[in-house]
Every structure is written in C-alpha cells, then in structure tokens.
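Grab a pencil and work through these exercises with the structure open beside you. Try each task yourself before you read its solution.

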Amino acid sequence: MYDGGKIVAGLVVFLAVVTSPIWYNVVAGKAEYRPDPKIVSQEKQCVAPKAWMTAMHMTLLNSWRDSVVREDNRVYVAANGKTYNMSLSKTCMQCHPNKSEFCDRCHNYASVNPYCWDCHVEPKEKK
Amino acid sequence: MNALYALFAVVALMLLAFLGVSTADLNVLFGAIVPYAAVSVFLIGVSYRVLKWATVPVPFRITTVCGQEKSLPWIKSSPLESPHNGVYAALRMALEVLAFRSLFRNTRISLAPDEKSIGGKRIVYSSNFFLWLGALAFHYCFLIILLRHFRFFTEPVVFFVPLLQDLDGFFQVGVPGVYMTGLIFVAAVGYLLLRRFSNPQVRYISLAADYFPLFLLLGIAGSGILMRYFFKVDVVKVKELMMGLIGFHPVVPDGIGSLFYIHLFLVCVLVAYFPFSKLVHMAGIFLSPTRNMANDNRAHRHINPWNYPVDVHTYEDWEEEFKDKLIAAGLPLDKG
C-alpha cells in the first residue's frame, strides 16, 4: 500500500499555512493601507528632528519618565538649547492631542501597544 | 575548520547584503527579487521533497516500539509506545513533534572510572537532558518569534500577535519592551553551538552544514535584536515593504536602513536553504517511517504494493490435466 494520499493532504495543509498571510490579506483587503499620522500642531519643530523622533520617541519618553519619577527633574534641554517641561500630557499632547489620529495610526499598523495609558489619562478628543 | 567555513559563509552573506544595499543601491534586488526567489525555492523545494517521499511504497509496518503491543485482553498494553491504531500513532507523532520525546530519551555515553572493570573504566549511559531542553527552547522560541512577525504580514494585525507580544514582553523591561523569546532563542542556539564545540565526539561528526544553520540563526536573531533595541529601522516602512511583497505589488521604500536588508537577506537564505539541507526535517519528521505507523502487522494483512500477479499452477489444475493418467495408474484423486 501507499500512503501518498495522506502525505499530499498534509502537504496541502502545510502550503495553506505557509501562504496564509496572502489569503488573510486578500480577505481583509487592506494590503494597500498606509498609516498617515496627522500633525495638527502649528509648531514647526518637535523637541528633536522628525526622523530622530520617529525612531527614538519611545526611548526619549522612557528617559523622561525615569527623570521625572525617579529623579524629580522635569526640565528637558533640547539639542538646540531650548528647554521643555518633561510631561507627556502637558508637552507632547499639547501639540499632538489627537491620539487616535497621531499615535494610534502607526502603533496599530505596527502592532505596538505602549503602556503609556496604564498610568496617564487618555486625552479626550473632539469627535 | 568546518565551523570556520560556516562562519565565513554567514559573514560573507551579511557583507553581501550590506554592501549591496549601502554602496551598490540594490534595494530592489534585496527587498523584492531575493525574497520572492527564496520563498519560491522554499515552497517548490519542500513540495518536491515531500512528493518524492509520497511515491515510496509502504509494504509493511516497521514501527519501532518500546512498550507492550496490544494482544490478549489480560495483557496490559502500552498504546503510546506501541500504537495499535491510527489514533494512537497520531498521538505518538504529536508528542514527538511537539515535545521531542525521542530526543528526551536520547542518552549520552561516557566512560566512568571503575576499579572492578577491565581497564579501570566502564561505560555509563546518562541523560542528555540539556540537548533536549536547548532544542525545545530554540524551536518554541523560533515559532513564537515567527508568529510575532505576523504583525508585518497582516493588516489589520491578526489577533494572536498582541497576545503573544504581551506574554512575551511580560516583564516590561525597557522601551521597546524586551521579549523573552529573543533572549532565550540566542541562549538556546548558543548552547547548541557550544555543544558542538565542547563535546569531542559531537565536534568530530559536525560538518559545515551543521554549523551553518546555527550561525545563520544567530545572525538573524542578532540583526533582529539590534534593529529592535539599538539601531532603529523604520518599522512602518518595513511593513509597507512586506505588505507590498505579500500583496504582489512590491514597493521598496527608501530609508529603511541596511540592517533590515541584512536581516531579510539572512532569512531569505535560511528559507531557500531549507529543502537542500537537514532543515527539511521540518517536513521529514512527519514521515519518519518507524514512528508514523500503527504497529498492527499481526492484526491486519499488509499487501506488498509491488507484488506482481504470479502465474501459479495449482494442484487442482494439475490433477485435472493428468486425470486420465492418474486413474489409469490407480492413484486416488482429491475430487473423487
């Protein structure tokens, strides 16, 4: 006897699993979606250049958190000498109050779930 | 020397991707053409291998067992060690695939001093627990890491990714949160590599093809860890690239960073290397002939598929043919 039938059935299952992202995206139909974080601020410059902020904002926020909570230091001196109040709610959210249109767009796209809002109160957005 | 060949090969591959992207500007080659080629080679190669195995006839059940076969009702049988039907054979296979049970039972032979024995030494068999543990840790971490990467392959992100991320980053160390699997993966692969160096017997039988996947995996894990925690790449653009590939509308965004291309190229090499190497045990484990069959040779008749019809001349036919002569000679006939 041959077991070819069972083996081919197993192979078909394997190929379906390996190619599952293709089918998933065909069904979901959002493969072309690109996140577009919306900046509503009138300010021209963030606390650091945009490219650096895109890559490193989580590290910056983490160091701000450590500085404020552990060292009681709320003053951030930017590279250009300007000083900022280290505060997610008061400094960051001043220019970026639109969490769902700014933070969440990239975070959802890249499946990043930061625990900012475990402690901070989520800003109330105008609908 | 074998290890050095493998190490040089992996370093050369890294340099190839790095120089190709950073100086020769071959982003399209490394971001689209190579991934498509690698996945094609993987799918076609693995299918070819498996289909070739599927044509092999199975004349008899050659199960290796380590327990009592099912026989008389008052003899206690051990169905997982000696499965008597397909269900138990499948359960035994599941334990093999999911828990590496035969590797767990793998033993290590060494010589221990013993004054009573000839030569002052005797053979002792001991458990090879850490090989099993390292292999299990490595395989499961690899699976979780692969499933976590579905955040780059699916939009909206498939439901199990956030669950795995939360579990994996349970300790919430640093930002971005450290994933346990990344660390365990490197530790486990590192152990499997050191084992090949430190154990003289294992080192003696290790080929370049044994070291190459280990170095390759360390390269993949290393580049991934560097990307996540140290030298950031633009994750959104990476996902745009991956989604383009998966939707068959390849786009290669600018400014992703060459570290990503090194990572992607090493993954492509690993994927394409699968069907040609020992890594195809991923498919082969399911086709282990001594494990995937039920031990039912005594209960069922198995016909050899390459038996050809044999032209037999039965006694009945012979008696019919020489009936007259047998009667004439006064010999008794079966048919009266």
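**Exercise 1.** Find where B:Phe248 lies in chain B, and work out whether B:Phe248 is buried or exposed.

*Solution.* Keep in mind that you're looking at a predicted model.
- Step 1: Trace chain B to the loop between H10 and H11; that's where B:Phe248 sits.
- Step 2: Check the backbone. Phi of B:Phe248 is near 60°, which is positive even though the residue isn't a glycine.
- Step 3: Count neighbours. There are 10 other C-beta atoms within 10 Å of B:Phe248, and 12 or fewer counts as exposed. So B:Phe248 is exposed.

**Exercise 2.** Do the same for B:Asp25: which loop holds it, and is it buried or exposed?

*Solution.*
- Step 1: Look between H1 and H2 of chain B; B:Asp25 is in that loop.
- Step 2: B:Asp25 isn't a glycine, yet its phi is positive, at about 60°.
- Step 3: B:Asp25 has 9 other C-beta atoms within 10 Å, so it is exposed.

**Exercise 3.** Two peptide bonds in chain B deserve a look: what is the geometry of the bond joining B:Glu155 and B:Pro156, and of the one from B:Val175 to B:Pro176?

*Solution.*
- Step 1: Between B:Glu155 and B:Pro156, omega is about -5°, and the bond is cis. B:Pro156 belongs to the loop between H5 and H6 of chain B.
- Step 2: From B:Val175 to B:Pro176 you again get a cis bond, with omega near -5°. B:Pro176 is found in the loop between H6 and H7 of chain B.

**Exercise 4.** Describe how H7(B) and H9(B) pack.

*Solution.*
- Step 1: Recall what you need: two packed helices are described by the angle between their axes and the distance between the axes.
- Step 2: For H7(B) and H9(B), the angle is about 155° and the axes are 10 Å apart.
- Step 3: Angles over 145 degrees count as roughly antiparallel, so H7(B) is roughly antiparallel to H9(B). Their crossing is left-handed.
- Step 4: Sort the contact residues by class, and you get 11 nonpolar, 1 polar and 2 charged.
- Step 5: Zoom in on B:Val189. Leaving aside neighbours within four places in sequence, its contacts are B:Phe138, B:Leu214, B:Leu217, B:Leu218 and B:Ala221.

**Exercise 5.** Which element gives the largest share of the largest nonpolar core?

*Solution.*
- Step 1: This core has 51 residues, and B:Val189, B:Leu216 and B:Met242 are among those that touch the most other members.
- Step 2: Elements giving two or more residues to the core include H1, H2 and H5 of chain B.
- Step 3: H11(B) has the largest share, with 12 residues.
- Step 4: Here's a general idea to go with that: in soluble globular proteins, nonpolar side chains tend to be buried together.

**Exercise 6.** Now compare the two chains: how many residues does each bring to the contact, and how do H1(A) and H2(B) pack?

*Solution.*
- Step 1: Chain A brings 33 residues and chain B brings 36 residues. On the chain B side, H10(B) gives the most, with 6 residues.
- Step 2: By class, that side of chain B has 23 nonpolar, 7 polar and 6 charged residues.
- Step 3: H1(A) and H2(B) meet at an angle of about 165°, with axes 9 Å apart. That makes H1(A) roughly antiparallel to H2(B), and their crossing is right-handed.
- Step 4: The residues of this helix contact include A:Leu11 and B:Val50. By class there are 9 nonpolar, 2 polar and no charged residues.

Conventions
Residues are numbered from 1 along each chain as its sequence is written. Chains are lettered from A and ligands numbered from 1 in the order in which they are written. This is a predicted model: local features need pLDDT of at least 70, side-chain atom pairs count only at pLDDT 80 or more; totals for chains, interfaces and linings use all residues. Two residues are in contact if their C-beta atoms, placed from the backbone, lie within 7 Å. Helices (H or I, at least four residues) and strands (E, at least two) are DSSP runs, numbered from the N terminus. Ala, Val, Leu, Ile, Met, Phe, Trp, Tyr, Cys and Pro count as nonpolar, Asp, Glu, Lys and Arg as charged, and the others, Gly among them, as polar. A nonpolar core is a set of buried Ala, Val, Leu, Ile, Met, Phe, Trp, Tyr and Cys residues joined through C-beta atoms within 7 Å. A residue is buried if 20 or more other C-beta atoms lie within 10 Å of its own, exposed if 12 or fewer, and partly exposed in between; C-beta atoms are placed from the backbone. Axes are lines fitted to C-alpha atoms, for helices over the stretch in contact, and angles run from 0 to 180 degrees between N-to-C directions. Angles under 35 degrees count as roughly parallel, over 145 as roughly antiparallel, 65 to 115 as roughly perpendicular and the rest as oblique. A crossing is left-handed if the near helix is turned anticlockwise from the far one by less than a right angle, and right-handed if clockwise.
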